[in-house]
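Open the model in your viewer and show it as a cartoon. The stops below go from a sheet to the helices that lie on it.

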Amino acid sequence: MKNSVIQNVLSAIAVAASLCAAAPASAQPKGGISDDIVKIGLLLDMSGLYADVTGRGSAAAAQMAIDDFGGKVLGKKIELVVVDHQNKADIAANKAREWFDQDKVDAILDVAASAPALAVLDVAKQKNKIVVFSGPGTERITNDLCTPVSVHYAYDTYALANTTAKAMVQRGGKSWFFLTADYAFGHTLQQSATTVVTEAGGQVLGAARHPINTSDFASYLLQAQASRAQVVGLANAGGDTVNAIKAASEFGLTRNGTQKLAGLLLYINDIHAIGLKTAQGLVLTEAFYWDMNDATRAWSRKYFDKVKKMPNMSQAGVYSSVTHYLKAVQAAGTDDTAAVMKQMKSMPINDFFAKNGRIREDGRMVHDMYLFEVKKPEESKYPWDYYKLLATVPGDQAFMPTAKSQCPLLKK
C-alpha cells in the first residue's frame, strides 16, 4: 500500500513536470517555416478588364522576384499560386479562404481591383494572414478598413487624386465633371478628387457613373460636354479608361480646347493601347516609370524579355513587395504572421521601385509619386518612350497624412 501511494505521487509529479516543460514551449513565438514551404498567392484578373494591367504581367513579376531570391528562403522552397478571380468579390473571398484553410498559403501578395481586394482583406483579417495590395486603388485599405495584417503598396486613390487633380487645378482647370466607374474604386477616386478640387479652389459640376466594362461612352460624354466643365476627370481604370479616352477623341470632346481630360488612374499599358497621337498631353500620376533611371531600366528590360511589354507601377510593385516579404521572412526566421509583419514594417524599402520606402502602422507603404505628361509622337525617341516628368511628389505629401486617417491602429 505504501509503495502504491509513493508510486502514485511519483507519477503525478512526472505528469506535472511534463506539463510545466510543455507550457513554455507552446508559449514561445513560432519559429521556422510552417509546412516546410513558403507559399505565396496572387488573386488577379487574368482574362477580363484589368488583365493587361495586372494579370499575366503581375504573375510574371512575382515569379521573377522568387527566382531572383534564389527560389528558397531559410532553406525552404518558395511556391507561387495564381488564380483568376474574374473580377468577382465572392470568388476572390472564397479562394482566399480555401488557400488559407486548406492549401497552406502563407500570404497573398496581390489582389487585382478594389471590390475583390476588400473582400480578401476581410478574410485575411479573420485568418490572421498577411495580404499585400499593389493592384487595387481604394484608400479604404489603409483608412477605415486598415488591419494589422494588410499593406497597401504601390498607390492609392488619395495619392492619385491628390497629385493629378491638384496639378490640373493649378493649371487652370477649375471646374470638373467626372466619368466614374460604378463600383468601390471609382466611387472612392471621385470622392478623393472632389475633395482635392474643392480644397484647391475649384468646383465639381456633376458626374456620370457607368457600369464596369463599358463599351459605349457616348451618353456619358454628352453629359460631360453639356456640363461645360473645363476638366473631365476619368475615375475609372483599365479597359474602361482606354475606351473612354478613345471615345472622347472620336467624339471631339477636347478638340476646341475648352475641355481637357484628366486620367486619374492611367497605366503605361493604357497609353500603349491608346497611342501617343490620342494620348498626347494627358497629365497622370504613377508610382513607377520604366525609363526613370538605370535601375528601373535594367529591371524593366529583364521583365520585357519575359512579358514582351514594359511593366507598370502595379506589376513593379508586385516584384518589390514579394521581395520585401521574403526578406522579412528571412530576417524573422519564420513565416509567422506577426513576426514577419513586424519585420516588414521595420525594414526600409530601397530598390528600383522605391527609395527609402516605409510601411506605416496603418499599412500604407509611403514612397515618392511622380506627375507625368504624355509625350507628343514626335517627342518619343524609341518604343515605350511615353512620359516626361513634371514633378516628383514626396511620399509624405502624396499619401494621406495620418492626422486625416480613420485607421484605428493609429494613435490619435
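In this predicted model, start with the open sheet of four strands, whose order is β8-β7-β9-β10 and whose pairing is parallel. Strands of a sheet pair through backbone hydrogen bonds. Select residues 203–210 for β8 and 260–263 for β10: these are the edge strands, and each pairs on one side only. From one strand to the next, the twist averages 20 degrees.

Next, select residues 175–181, which are strand β7. Seven bridges join β7 to β8 in the parallel sense. For one such bridge, pick phenylalanine 177; its partner in β8 is glycine 206.

Now add helix α6, residues 184–199. α6 packs on the sheet and touches β7, β8 and β9. The direction of α6 makes about 170 degrees with that of β7.

Then add helix α5, residues 157–170. α5 lies across β7, β9 (231–235) and β10, and runs at about 160 degrees to β10.

Keep both helices on screen. How do the axes of α5 and α6 cross? They come within 8 Å and cross at roughly 40 degrees; α5 and α6 are therefore oblique to each other. The crossing in which α5 passes α6 is right-handed.

Last, show the side chains where these helices meet. On α5, select Thr157, Tyr158, Leu160, Ala161, Asn162, Ala165, Lys166 and Val169. On α6, select Phe185, Thr188, Leu189, Ser192, Ala193, Val196 and Val197. Coloured by class, this contact of α5 with α6 shows 10 nonpolar, four polar and one charged residues.

Technical notes. Residues are numbered from 1 along each chain as its sequence is written. This is a predicted model: local features need pLDDT of at least 70, side-chain atom pairs count only at pLDDT 80 or more; totals for chains, interfaces and linings use all residues. Side-chain values use heavy atoms; hydrogens and water are left out. Axes are lines fitted to C-alpha atoms, for helices over the stretch in contact, and angles run from 0 to 180 degrees between N-to-C directions. Helices (H or I, at least four residues) and strands (E, at least two) are DSSP runs, numbered from the N terminus. Angles under 35 degrees count as roughly parallel, over 145 as roughly antiparallel, 65 to 115 as roughly perpendicular and the rest as oblique. A crossing is left-handed if the near helix is turned anticlockwise from the far one by less than a right angle, and right-handed if clockwise. Contact means heavy atoms within 4.5 Å. Ala, Val, Leu, Ile, Met, Phe, Trp, Tyr, Cys and Pro count as nonpolar, Asp, Glu, Lys and Arg as charged, and the others, Gly among them, as polar. Two strands pair if DSSP finds at least two bridges between them.
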